[in-house]
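I am keeping short notes on what I looked up in this structure. The entries begin with the surface and end with the core.

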Amino acid sequence: MTFYFYLLVVKHAIADLWLQSRLDHKKHYGEKNQLLKPKLWLHSLDHAVLTFVVTLVFAGLYWAVIIAILDFVLHSIIDYSKHIYTLKYKINSSQNKFWKVQTIDQIAHFSCYLLYVIMVF
């Protein structure tokens, strides 16, 4: 159970830091607040695919599919909401408030991973 949670956190770091960077500074991907552009969807798909792989090892195909879909939906909602909020209030990474919002964002994601652990175990 603990190792499953740990691997979900590791996959989060890979998807949020390493894989997401390939989508930055490419205008044709758009931004996460543009629902008709692929950036949000590709980023959430990265999370869903990695969640599928991690969950498959611990819980089998059924739960891997269910939790991957759930992760795609929840990750999209969390990231879209954060992006809309930061745009609305003109918050950027040079401001202290951004890091408070970022903390809430990460807590929301990690809370999802706790939910997945509860669902699987």
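Patches are made of residues with over 30% relative accessible area and no salt bridge (a side-chain nitrogen of Lys or Arg within 4 Å of a carboxyl oxygen of Asp or Glu); like charges are joined within 9 Å, and nonpolar side chains (Val, Leu, Ile, Met, Phe, Trp, Tyr) within 5 Å. I note that the model is predicted: local features need pLDDT of at least 70, side-chain atom pairs count only at pLDDT 80 or more, and totals for chains, interfaces and linings use all residues. Residues are numbered from 1 along each chain as its sequence is written, and side-chain values use heavy atoms, without hydrogens and water.

Entry on the patch. I found a nonpolar surface patch formed by L56, L61, V65, I69, V73 and I77, with about 510 Å² of accessible area together (Shrake-Rupley method, 1.4 Å probe, only the protein chains shown counting as cover). I located L56 in helix α2 (helices are DSSP runs of H or I, at least four residues, numbered from the N terminus). L56 is partly exposed because its relative accessible area is 38% (buried is under 20%, exposed over 50%, partly exposed in between, with a 1.4 Å probe and protein chains only).

Entry on G60. I placed G60 in helix α2, residues 39-88. At 25% relative accessibility, G60 is partly exposed.

Entry on the core. I looked up the largest nonpolar core (buried Ala, Val, Leu, Ile, Met, Phe, Trp, Tyr and Cys residues joined through side-chain atoms within 4.5 Å). It has 10 residues, including Y4, V54 and V120. Helices α1 (2-19), α2 and α3 (96-120) each give two or more residues to this core. Helix α3 gives the most, with 5 residues.
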